Structure formats: C-alpha cells, structure tokens
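Colleague: Could you walk me through this fold, one question at a time? I would like to see the reasoning behind each reply.

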Amino acid sequence: PEVKKKKFNKTLILCFDNDEAGRNASQDLANLLFENNIKFDSANIAGDCKDPNEMLVADSAKLKENIIAATKKARLKYYSGKAVSGIELQQKAISPKQWVVKGFLPTGLNLLCAPSKAGKSWMMMQMCCAIAEGKSFLGYETNKSVCHYYALEDGEERLQKRLNLVLNNNKASSNFYIEQHCKTLENGLIGQLEEEMLVFPEKKLFVIDVFQKIRGSQKKGENAYGYDYREATMLKSFADKYKVAVILIHHLRKASDDSDIFNRISGTNGLMACSDNIYILSKKKRTDENTVLSITGRDVEETEIAVILNKALHRWEKLGSAEEIKIREERQEYENEPAVKTAKKIIEINPGGWKGTASDMVIICKDFFDIDKSSPDMGRAVKRYADKLLFNDNIICKTSRSGSARTVSLQKRVPYSRQWQQSINPESDGEND
C-alpha cells in the first residue's frame with residue numbers, strides 16, 4: 001500500500017540480503033513496482049557476503065564501488081538518450097541520399113528565392129513536368145517521380161495557360177498534381193501533407209508556391225529568427241520523415257548585398273539555417289536576359305549556373321556555368337569595343353607597326369566602322385584594353401603623352417621560333433608556348 005501511495009521521481013535500486021528470504025522479498029517488491037509503473041532495478045551490492053552490512057565490515061571500499069556500479073546500471077536501464085558511439089556510427093548501414101533531380105535537387109527542405117516576377121513559378125512548373133515524365137531539367141537527369149505543386153497565388157486559367165505553354169500543348173503526365181489551396185502550418189498543413197503520403201506514397205516532390213501563404217502567426221515572446229526557424233523545421237521534419245523533397249518558393253529583399261547573394265533572402269537567417277539547400281535566381285539588372293542561379297547547401301555542390309528564360313519556348317535553359325558566361329561576355333565586350341576593332345584594323349594595314357595619336361585612331365574608326373568616339377574615350381579605351389590586345393591578338397600596345405595628345409604605338413608581337421623555344425625548353429613542341 002505504501003508503494004502505491006508514494007510517488008517516486010527516481011529509479012529505485014533493490015539491494016536485499018543474499019539469502020533466500022532476501023531474494024524472495026526482492027522479487028515480490030519488483031513485481032509490485034512493475035505493476036505500478038515505477039522505475040526500479042535489482043542489484044547485488046553485497047557480493048559474496050550475506051548482506052550489505054557484512055560487506056561494509058569486510059571491505060567498505062568494495063561496497064562503495066558496487067553501489068556506484070549499481071547506480072550507473074540503473075540509470076542506463078532507463079536512459080532515453082539517442083546518442084551512438086563513433087564506432088557504431090561507422091558500422092551502421094545508412095541508405096544513401098535520394099535525388100529527385102540528380103546532382104541538383106535531393107530530398108529534404110529546399111528554398112528557391114527570387115525577386116517578384118522573375119520566373120520562379122515558370123521554373124517550378126517546368127521542373128515538375130520534367131520530373132513527372134523522367135525528362136532532363138536544365139541538363140540534369142531526373143528520377144521519374146510523382147510531383148505535387150501547390151500553386152497558391154494563381155487561378156485555374158493562368159495555371160492552364162502556363163502548363164500548356166511549358167508543355168507546348170502536349171499532354172501532361174499523370175504523375176503531376178496541381179492544387180490551388182492548402183492549410184497553413186498552424187492549421188494542419190503537416191497533417192494534410194502526411195495524408196497525401198498515405199494515399200500517394202510514391203510522391204517525391206512537394207512545391208509550395210509561395211511560403212508566405214502557409215505561414216502561421218508568430219507566437220508571443222518569439223523573436224523573428226525563432227519564428228522562421230520553427231516553421232521551416234516543421235516542413236523539414238516532414239521531408240526527412242517521408243524522404244521527399246519540399247521546395248519553398250520565397251522572395252528576396254530589394255536591397256542589394258553584393259558581398260553575398262544569400263544575405264538577400266527575405267526574413268532572418270533562420271530560414272537558411274534550417275533549409276538543406278538554397279537556390280537563388282538573380283540578375284544584375286532587372287532588364288537583363290541572362291540570370292544567375294546560385295546554389296548552396298548541405299547536399300549540393302556550391303555553384304553558380306547561368307540560365308535564361310526562353311520567352312519563345314516558355315522554358316528555362318541552361319547557358320553554362322556563371323564563370324563560363326562571364327568569360328564569354330567579357331570576350332564579346334572586347335571584340336565589340338571600337339578601340340579594339342581599330343587597333344586590329346591598323347595592324348592589318350600596317351603589319352610592320354604603327355604610331356599615331358588617339359585622334360588618328362578616332363578618324364580610322366569612323367572611316368572603317370562608321371563609329372563615332374571622342375579622342376579622350378579612345379585613349380582611355382586603348383589603355384584599358386592594352387593587356388587583352390596582347391593576350392588575345394598578339395598586339396603590343398603602348399601609350400604615352402606628348403603635350404595634350406596621347407601617343408599610341410601598335411606593333412604585332414613576333415612569336416619565338418620553334419628552335420629557340422626548344423633550346424630553352426626541350427619538352428616544348430613550340431606550338432603554344
């Protein structure tokens with residue numbers, strides 16, 4: 001009766017005598033504690049002695065050691081921690097990360113951010129259509145999967161038009177589902193998503209367009225970071241539990257941060273901290289055609305991809321890496337520069353070399369290319385592109401001032417002979433050195 005009345009907050013350790021009476025009493029009490037859901041453990045702290053008192057007299061240090069061991073054993077019996085040892089982790093069989101778009105979109109919580117009207121919804125519609133049919137997306141191979149797209153900002157007419165344009169009026173896949181309404185995070189969205197998985201366990205991608213539409217209220221006393229992190233965690237937990245990819249469509253702040261594009265994500269760092277992978281669409285100017293898709297995360301390789309929304313085909317296309325595009329753009333800028341065109345034309349006419357002024361180059365530029373450029377602009381451009389003229393076209397360009405005029409000398413660099421190159425570098429073939 002005392003056991004039933006008393007509330008025990010800690011684990012009881014039963015240490016009875018080692019005779020038959022002690023063992024029977026220990027078993028009876030153990031049965032009673034078990035029936036009343038009271039935590040307990042049995043231990044022999046007396047060793048080979050009759051009882052703990054005898055052990056105390058015989059070897060008090062050993063008794064203390066036995067009590068400590070019994071206490072540790074009782075604590076481990078009800079230990080609820082999930083920690084594993086480093087060795088256990090190394091030996092554990094873990095399934096590899098699953099990819100919805102190989103090398104691009106893994107399972108987990110993913111964040112796609114861009115300014116308003118930047119083509120986020122077009123990209124998600126195209127991605128879902130590609131995954132649903134198992135076709136490539138931006139050059140990446142997809143694993144054919146069932147997709148669910150929550151288009152929370154668009155009406156049926158706009159969605160139908162966009163779908164037909166993306167598919168070029170071809171029939172949509174039966175693996176692609178579109179829904180215009182869903183619950184918020186505080187009103188049962190996770191339960192709604194889990195119901196989808198019970199009915200359609202083959203679904204692998206959920207797109208929520210946009211994140212703001214599913215947000216709940218900020219709790220009293222909760223700071224902005226905690227609010228963002230808590231709501232993102234709810235979606236990440238769902239994604240991890242069912243091994244699916246969730247993409248949240250979100251916005252960027254208008255204020256630019258040239259140091260790190262990811263600092264422009266609207267809200268606090270709580271969203272980025274919780275998300276597994278982040279994708280950002282950005283342009284230097286809103287009127288630019290080329291867009292940079294910046295990618296970072298736990299599972300993807302950090303990179304920047306140059307993409308463009310082909311308005312004729314209504315599809316996003318990959319142009320290459322951002323670095324490749326930058327090099328191409330710089331080369332195109334170089335080739336289109338009037339000063340460069342003029343310098344190359346002068347060397348073509350005067351292969352032995354030429355010396356004149358920026359004003360002379362202005363006249364030649366006008367005569368051959370019908371381009372107007374002032375003498376100061378021509379002088380500055382020649383100086384700016386001097387290194388590239390040498391690197392790209394083997395034209396040595398030197399400038400100097402003579403009074404108010406800028407003197408320019410141009411000369412074609414003569415390549416070293418093959419024999420001379422091989423004399424100083426026997427391994428050289430003399431072609432590209």
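Below is a short conversation about the strands, helices and a few residues of this predicted model.

Colleague: Happy to start with the sheet of 9 strands: which strands stand at its edges?

Modeller: The order in this open sheet is E7-E6-E8-E9-E5-E10-E11-E12-E13, with mixed pairing. On average, neighbouring strands are turned by 20 degrees against each other, direction ignored. A strand with a single partner has one side left without a neighbour in the sheet, so the edges are E7 (176–179) and E13 (315–321).

Colleague: Thanks! In E10, which residue is the bridge partner of Cys-113?

Modeller: Strand E5 covers residues 108–114 and strand E10 covers residues 277–282. The two run parallel and are joined by 4 bridges. For Cys-113, the partner in E10 is Ile-280.

Colleague: Now to E6: how many of its residues are buried?

Modeller: In a regular strand, side chains alternate between the two faces of the sheet. Here Val-146, His-148 and Tyr-150 point one way from E6, while Cys-147, Tyr-149 and Ala-151 point the other way. Residues of both groups are buried, that is, under 20% relative accessible area. The count of buried residues in E6 is therefore 6 of 6.

Colleague: Nice. Which residue in E8 stands opposite Tyr-150?

Modeller: E6 and E8 pair in the parallel sense, over 6 bridges. Within that pairing, the residue opposite Tyr-150 is Ile-208.

Colleague: And on the E7 side, what is the bridge partner of His-148?

Modeller: E6 and E7 also run parallel, joined by 4 bridges. In E7, the partner of His-148 is Tyr-177.

Colleague: What is the handedness of the β-α-β unit made by E6, H7 and E7?

Modeller: Helix H7 (residues 156–166) lies across E6 (146–151), E7 and E13. H7 runs at about 155 degrees to E7. The unit that E6, H7 and E7 make is right-handed.

Colleague: Over to Tyr-242: is this residue buried, partly exposed or exposed?

Modeller: Tyr-242 lies in helix H9, which lies across E5, E8 and E9. Leaving out residues up to four places away in sequence, Tyr-242 touches Glu-194, Met-197 and Lys-204. Its relative accessible area is 23%. Because that value falls between the 20% and 50% cut-offs, Tyr-242 is partly exposed.

Colleague: How far apart in space are Tyr-242 and Gly-108, C-alpha to C-alpha?

Modeller: In sequence, Tyr-242 and Gly-108 are 134 residues apart. In space, their C-alpha atoms are separated by 9.3 Å.

Colleague: For H11, what span should its 15 residues have?

Modeller: H11 takes in residues 322–336, and the expected rise is 1.5 Å a residue. Its end C-alpha atoms lie 21 Å apart, which agrees with the expected span of 21 Å.

Colleague: Which residues of H11 are buried?

Modeller: The cover over them includes E11 (290–297), E12 (303–310), E13, H12 (338–349) and H15 (386–393). The buried residues of H11 are Ala-322, Ile-325 and Tyr-334.

Colleague: Last one, on the sheet of 3 strands: which helix packs on it, touching E15 and E16?

Modeller: This open sheet has the order E14-E16-E15, with antiparallel pairing. E14 (354–357) and E15 (395–402) are its edge strands, each pairing on one side only. E15 and E16 (residues 405–412) share 8 bridges, and Ser-400 has Thr-407 as its partner in E16. The helix touching both, with its direction at about 160 degrees to that of E15, is H15.

Terms used
Residues are numbered from 1 along each chain as its sequence is written. This is a predicted model: local features need pLDDT of at least 70, side-chain atom pairs count only at pLDDT 80 or more; totals for chains, interfaces and linings use all residues. Side-chain values use heavy atoms; hydrogens and water are left out. Two strands pair if DSSP finds at least two bridges between them. Axes are lines fitted to C-alpha atoms, for helices over the stretch in contact, and angles run from 0 to 180 degrees between N-to-C directions. Contact means heavy atoms within 4.5 Å. The expected span of a helix is 1.5 Å times one less than its number of residues. Buried means under 20% relative accessible area, exposed over 50%, partly exposed in between (1.4 Å probe, protein chains only). A crossover is right-handed if, with the strands pointing away from the viewer, the path from the first strand over the helix to the second runs clockwise.
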